[in-house]
Amino acid sequence: MKAYLFKHRRSGGRIARLWSCRVRLADWPSARTFSLHVTDKRVAQQKLNAIVQELEREAAGVSVPVALKTAAQRPLPELLEAFLSDVKAKQRAANTVRVYRVALLKLFDRCGWRYLRDVTPGSFVEWRARGDVGPKYANDLLGYMLSFLNWQVKQGQLLQNPLRFVDRATIRAGRGHRRALSTEEIERFLSQVPAHRATVYLTVLYTGLRRLELNRLTWGDFNLEGPRPCVVVPGSISKGAKTASLPLRPELVQKLLEFRPEVAQPFEWAFRGRVPNMDTFKRDLKRAQIPAVDEFGRRVDFHALRTTFCSHMQAVGVPLRVAMQLMRHSDAKLTLRTYTDEAQLPTAEGLALLPSFT
């Protein structure tokens, strides 16, 4: 039997702050690594001793930890609800909780998982190989499941995450990604759709609001008559759970005033029931002769209007920090990579700014 403490070496030669341990019993084909989540070496040694003792007892069939035994007997949906209760307690957005619940229940069903013991790398890889979903969504589901299983480990209900070594699927550049609409496509699109839907689309193109946020905004969230028109997105409906005030352009303010009923009350929904579903959106694209999927496999869906908003800000030179604020991003990578369509960037104009070398 081998057991020792160590600290991971990070990129650049940095040493991790927390201790880990590696254990290999006599009948194991390879060693197993455990994160100890402590900085004190003495405490880490105590935790290592406890892990070794428990593993030896388990290997000998003497005992199984009560928490592990209890968790093993509880169905996955029941464990999921306990996990989501903790996610809620950490003040995560309601939409995040909903996404976790829907996605993980779907994954449990498709992989045939009923209990923790059913979760294996082989069953997940076999399901992914069937191609029921695209590589990006498969990666999303794997990420959700890793969070769920890591939480089980921290609660002492699982010794280690069984999917920790499963690699993410490779996504080919361009394939399956959203693209932004060009200025000419936007003008043609807005001119070909009914006025009430054009207002909804224009709102997204000038604010980057998400579908869920549109459906939950009330007229009381809009300030259309003041000197600085804006819409306040409450933290209760925002994906990031933070309240944000977004300025509104004059042409959008005019359209919203025409769109708003004369007797609208502050508590009434502004867009609910007026946000087009995907079928209607595709018909509007077809009416404007805009392909839903281009020759490179890039798609245009409702959320691509948010990508369009971000891409055009980058194209006209809006400072990155300002663009992040308007997009309500906390990570610049989201703004620069995920939500910026390079095809809309003024590369020729940028090249023209160089001095003449001849």
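These legends accompany close-up views of a predicted model.

**View 1. The largest nonpolar core.** This core has 36 residues. Phe222, Phe271 and Phe302 have the most contacts inside it. Six elements need labels here, each giving two or more residues to the core: helices H7 (183-192), H8 (195-207), H10 (250-259), H11 (278-287) and H12 (304-315), together with strand S5 (230-233). H8 provides the largest share, six residues. In soluble globular proteins, nonpolar side chains tend to be buried together.

**View 2. The surroundings of Phe222.** Neighbours within four places in sequence are left aside in this view. Phe222 then contacts Leu217, Cys230, Val231, Leu248, Leu256, Ala270 and Phe271. Phe271 also ranks with Phe222 among the residues with the most contacts inside the largest core.

**View 3. A second nonpolar core.** This core is separate from the largest one and holds 31 residues. Val87, Trp127, Val133 and Phe148 are among them.

**View 4. A network of salt bridges.** Five residues are to be found here: Arg179, Glu185, Asp294, Arg298 and Asp341, linked by salt bridges. Asp294 pairs with Arg179 at 3.9 Å, N to O. This pair links distant parts of the chain, 115 residues apart. Asp294 sits in the loop between H11 and H12, while Arg179 sits in the loop between helix H6 (135-154) and H7. Asp294 also meets Arg298, at 2.9 Å, N to O. How accessible are these side chains' residues? Asp294 is buried, because its relative accessible area is 11%, under the 20% limit. Arg179 is buried at 6%. Arg298 counts as buried at 18%. The structure as a whole holds 19 salt bridges.

**View 5. The salt bridge between Arg130 and Asp132.** The two side chains meet at 3.7 Å, N to O. Arg130 counts as partly exposed, at 48% relative accessibility. Asp132 is likewise partly exposed, at 46%. Side chains of opposite charge can pair when their charged atoms come close.

**View 6. Asp301 and its contacts.** Asp301 is found in the loop between H11 and H12. Its relative accessible area is 11%, so Asp301 is buried. A polar contact of 2.8 Å joins the side chain of Asp301 to that of Arg178. Beyond four places in sequence, Asp301 is in contact with Arg178, Met278 and Phe281.

**View 7. Positive phi at His37.** His37 is not a glycine, yet its phi is positive, near 60°. His37 has its place in the loop between strand S3 (32-35) and helix H1 (41-59). With 47% relative accessibility, His37 counts as partly exposed.

**View 8. Positive phi at Arg328.** Arg328 is another residue with positive phi that is not a glycine, at about 60°. The loop that holds Arg328 runs between helix H13 (320-327) and helix H14 (332-338). Is Arg328 buried or exposed? Arg328 counts as buried, because its relative accessibility is 17%.

**View 9. Ile237 in its loop.** Ile237 is in the loop between S5 and strand S6 (244-247). Ile237 is buried, with a relative accessible area of 10%. Residues up to four places away in sequence are not counted in its contacts. On that basis, Ile237 touches Glu213, Arg216 and Leu217. Leu217 is also in contact with Phe222. Arg101 gives a reference point elsewhere in the chain: the C-alpha atoms of Ile237 and Arg101 are separated by 17 Å. Along the chain, the two residues are 136 residues apart.

**View 10. A nonpolar surface patch.** Leu351, Leu354 and Phe357 make this patch of about 380 Å². Leu354 lies in the segment after helix H15 (347-352). Leu354 is partly exposed, with a relative accessible area of 47%. Why can Leu354 belong to a surface patch? Its relative accessible area is 47%, and patch residues need over 30% and no salt bridge.

Definitions and conventions: Residues are numbered from 1 along each chain as its sequence is written. This is a predicted model: local features need pLDDT of at least 70, side-chain atom pairs count only at pLDDT 80 or more; totals for chains, interfaces and linings use all residues. Side-chain values use heavy atoms; hydrogens and water are left out. Patches are made of residues with over 30% relative accessible area and no salt bridge: like charges are joined within 9 Å, nonpolar side chains (Val, Leu, Ile, Met, Phe, Trp, Tyr) within 5 Å. Accessible areas come from the Shrake-Rupley method with a 1.4 Å probe; for residues, only the protein chains shown count as cover. A salt bridge is a side-chain nitrogen of Lys or Arg within 4 Å of a carboxyl oxygen of Asp or Glu. Helices (H or I, at least four residues) and strands (E, at least two) are DSSP runs, numbered from the N terminus. Buried means under 20% relative accessible area, exposed over 50%, partly exposed in between (1.4 Å probe, protein chains only). A nonpolar core is a set of buried Ala, Val, Leu, Ile, Met, Phe, Trp, Tyr and Cys residues joined through side-chain atoms within 4.5 Å. Contact means heavy atoms within 4.5 Å. A polar contact is a pair of N or O atoms within 3.5 Å; within protein, one must be able to donate a hydrogen and the other to accept it, and residues adjacent in sequence count only if both atoms are side-chain atoms.
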